[in-house]
Amino acid sequence: QVQLVESGGGSVQAGGSLRLSCAASGYTYSSNCMGWFRQAPGKEREGVAAFCTYSGITYYADSVKGRFTISQDNAKNTVYLQMNSLKPEDTAMYYCAAGAGPSYGGSWYVPYEYNYWGQGTQVTVSS
C-alpha cells in the first residue's frame, strides 16, 4: 500500500525558513515524479515544485523560484522541500504527491497527473 506522510510544517514570520519532508512507503519513485502542491483557503491546489527521476528534470513554480528547493534522499525514500525567504502568501496546506503522469508528457503542476497524495502539513507565514 502506497503511503506518503508529510511533516515539517509550522508557523514562521516572513523571511523565515521551513523544511518539509515527505516519507514514501510502498512506492518506488525510480521512474516517476514527486511533487509538492499547496492549497490556500478558497483557492485551487497549485503545483509548487516537482522532480521526475526518469527525466532528471526539476520544476518550480515562478512564485517560488530562487526561494524553494526540492530534493530527495533515495536511501530514506524521502523528498524534501526547503523553503527560504517565506512570505505571507506562501501560507497554505502543503501536500506531497507521487505519480507517473509528468513522466509521460503530463504537466508537472496539474494535480490529476499524480496518483498518490499525503495528508498535508500546514504552513503559516505571518507578516
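This briefing walks through the fold, the sheet, the core and a few individual residues of the structure above. The model is a predicted one. It has 11 strands and zero helices, so do expect β elements from one end of the chain to the other, given how strands and helices are assigned as DSSP runs. An open sheet of four strands and a nonpolar core of 34 residues are good places to start looking.

**Overall shape and composition**

- Read from the N terminus, the elements follow the pattern β-β-β-β-β-β-β-β-β-β-β.
- The radius of gyration is 14 Å, which agrees with the value near 14 Å that a compact globule of 127 residues would have.
- If you are setting up a box, the C-alpha trace spans about 40 × 25 × 25 Å along its principal axes.
- The accessible surface amounts to about 6,400 Å², and carbon and sulfur atoms account for 46% of that area.
- Of the 127 residues, 46% are buried.
- Looking at contacts between residues at least 6 apart in sequence, 59% of them join residues at least 24 apart.

**The four-stranded sheet**

- The strand order in this open sheet is E1-E3-E8-E7, and the pairing is antiparallel.
- Strand E1 (3-7) and strand E7 (68-73) form the edges, each pairing on one side only.
- From one strand to the next, the twist averages 15 degrees.
- E1 is joined to E3 by five bridges in the antiparallel sense; within this pair, Gln3 has Ser25 of E3 as its bridge partner.
- E3 (residues 18-25) and E8 (residues 78-83) run antiparallel and are held by six bridges. Leu18 sits opposite Met83 of E8, and Ser21 has Tyr80 of E8 as its bridge partner.
- E7 and E8 also pair in the antiparallel sense, over six bridges. Here Ser71 is the residue opposite Tyr80 in E8, so Tyr80 can be followed across to both neighbouring strands, where pairing rests on DSSP bridges.

**Faces and burial in the strands**

- In a regular strand, side chains alternate between the two faces of the sheet.
- E1 shows this alternation: Leu4 and Glu6 point to one face and are buried, whereas Gln3, Val5 and Ser7 point to the other face and are not buried.
- E8 is mostly covered, with five of its six residues buried.

**The nonpolar core**

- Nonpolar side chains in soluble globular proteins tend to be buried together.
- The largest nonpolar core here contains 34 residues, and those with the most contacts inside it are Met34, Trp36, Val48, Phe68, Leu81, Met83 and Tyr94.
- The elements that contribute two or more residues to this core are E3, strand E4 (33-39), strand E5 (46-52), E7, E8, strand E9 (92-99) and strand E11 (121-126).
- Leu81 is a handy residue to centre a view on: beyond its neighbours up to four places away in sequence, it touches Leu18, Arg19, Leu20, Trp36, Val48, Ala49, Phe68, Thr69, Ile70 and Tyr94.

**Tyr59 and its surroundings**

- Tyr59 belongs to strand E6 (residues 57-60).
- With a relative accessibility of 22%, Tyr59 counts as partly exposed, because the buried class requires a value under 20%.
- Leaving out residues up to four places away in sequence, Tyr59 touches Val48, Ala49, Ala50, Cys52 and Trp108.
- Tyr59 and Val48 are 11 residues apart along the chain, and their C-alpha atoms are separated by 8.2 Å.

**Positive phi angles worth a look**

- Most residues other than glycine have a negative phi.
- Asn77 is not a glycine, yet its phi is positive, at about 50 degrees.
- Asn77 is placed in the loop between E7 and E8, and these two strands form a hairpin with four residues between them.
- The relative accessible area of Asn77 is 29%, which makes it partly exposed.
- Ser85 is another residue other than glycine with a positive phi, near 50 degrees.
- The loop between E8 and E9 holds Ser85, which counts as partly exposed at 41% relative accessibility.

Note on methods. Residues numbered from 1 in each chain as written. Predicted model: local features only at pLDDT ≥ 70, side-chain atom pairs only at ≥ 80, totals over all residues. Heavy atoms only, no water. Axes fitted to C-alpha atoms, helices over the stretch in contact; angles between N-to-C directions. Buried < 20%, exposed > 50% of the residue type's maximum accessible area, 1.4 Å probe, protein only. Rg over C-alpha atoms; globule rule 2.2 N^0.38 Å. Contact = heavy atoms within 4.5 Å. Areas by Shrake-Rupley, 256 points an atom, 1.4 Å probe, with all protein chains shown as cover. Core = buried A, V, L, I, M, F, W, Y, C linked by side-chain atoms within 4.5 Å.
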